[in-house]
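Hi,

Here is the structure I promised to pass on. Have a look first, and then read my notes underneath.

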Amino acid sequence: MDIEQIGKDALEEIKSAQTLEALDSVRVRYLGRKGLITNFLKELASLPAEERKTKGRQANLVKTELSTHFETRKARLETEQESASSQTQFDLTLPGRKSWLGNAHPITKVLQEIVEILVGMGFEEKLGPEIETEFYNYTALNFPEDHPARDQIACFYLDDKHLLRSHTSPVQIRVMEKEKPPIRIIAPGRVYRPDAFDASHSPVFYQVEGLYVDENVTLAELKGTLEVFCRRMFGEQVKVRFSPSYFPFTEPSAEVAISCVICEGAGCKTCKNTGWLEILGAGMVHPAVFENVGYDSEKYSGFAFGMGVERVAMIKYRIDDIRLFYENDIRFIKQF
Ligand code: PHE
């Protein structure tokens, strides 16, 4: 038998073996203990020395070559088998997994809505730093030194010069220092207060400040502006109430409330049976504040207001615990 022919036949069979089992029987038939090549090598023993040598070398070459082909084919069949079996692990009748669509945090949404309404009314958005000085947070806003009014809007001190702003009103000062009237700005942002963390207080929350300064700005314009804002925010049916209040940087000052959106004035838990929900502090800019930024308080007048964003969101979405906003529980957040 011709060793070359055996080699060729074996190679054909290796190539056409479709399974690992089939391949293994080819291996046994050629390279096994009683295989064709093994037998061929055994039969060499009876040949004359010279012939034994050449044929022996030839046979060994064929043998190594075939072994390589076996290994390659084996690896190939193994990967094929593996991917076939992992495919059968998919149950194509199973329903697909629902993909998650993210959404904005309720505070972000309400903040955007507030800004959109006010920008639509002609206010321009301005930002100020969260780390402030006593000057901007208090002094320039006409809070007397060592006066209890500073406790009304208490703050966290970082060192003797710096503090975390406790309201967005410092942005009023920063804008007026840089620009001349007419000024029509809103300033949204985070503020910090050493308050208890309970259902209605958080040591960090959001405010939106508003400031309008020009010649002949009146209290009637403040009322009109906030009434329009409240109706756009909470619905045309809401009533808006101004009652006297105190802030060192406004005179007169007002506390602004809307008729309770839950009981519509009849009295409920949310409005503590008053029929009203307070949402804003406001007033006419105090002449001393104008003097502090170098404006002529005889020539200019203006109004300012500030609102708590969480409070607005709680009223709008009927949320009774402010802490829900900061827990980032996906079951809460994804409802908005
Ligand atoms: N800064 C005040 C506060 O945080 C709110 C306010 C702003 C009041 C502007 C009047 C005018 O309570």
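Let me start with the make-up of the ligand shell: by class there are six nonpolar, seven polar and two charged residues in it. Keep in mind that this is a predicted model.

As for which residues matter for distance, the shell counts 15 residues, and those that come nearest to the ligand are His167, Ser169, Arg193, Gln207 and Glu209. Three of these have a polar side-chain atom that I can pair with a specific kind of ligand atom. For His167, that atom lies 2.9 Å from a ligand nitrogen. Ser169 also puts a polar side-chain atom 2.9 Å from a nitrogen of the ligand. With Arg193 the partner is an oxygen atom of the ligand, at 2.8 Å. On its own the ligand would expose 330 Å², and the protein buries 93% of that.

The site itself is the largest pocket, which is where the ligand sits. Elements giving two or more residues to the shell are β6 (204-214), β9 (276-285) and β10 (301-308). Of the shell, β10 provides the largest share, with three residues.

Away from the ligand, I also went through the salt bridges: the whole structure has 12. One to look at is Glu179 with Lys126, whose side chains meet at 3.1 Å, N to O. Glu179 is in the loop between α8 (170-178) and β5 (183-192), while Lys126 is in the loop between β1 (124-125) and β2 (131-133), so this pair ties together parts 53 residues apart in sequence.

Cheers

How values were computed: Residues numbered from 1 in each chain as written. Predicted model: local features only at pLDDT ≥ 70, side-chain atom pairs only at ≥ 80, totals over all residues. Heavy atoms only, no water. Near = heavy atom within 4 Å. Polar contact = N/O pair within 3.5 Å; in protein donor to acceptor, adjacent residues only side chain to side chain. Areas by Shrake-Rupley, 256 points an atom, 1.4 Å probe, with all protein chains shown as cover. 1 Å grid on protein atoms, 1.4 Å probe; cavity = no way out; pocket = protein on both sides within 12 Å on 5 of 7 lines; lining within 4 Å. Sits in = over half its atoms within 2 Å of the grid points. Helix = DSSP H or I, 4+ residues; strand = E, 2+ residues; numbered from the N terminus. Nonpolar A, V, L, I, M, F, W, Y, C, P; charged D, E, K, R; others polar. Salt bridge = Lys/Arg side-chain N within 4 Å of Asp/Glu carboxyl O.
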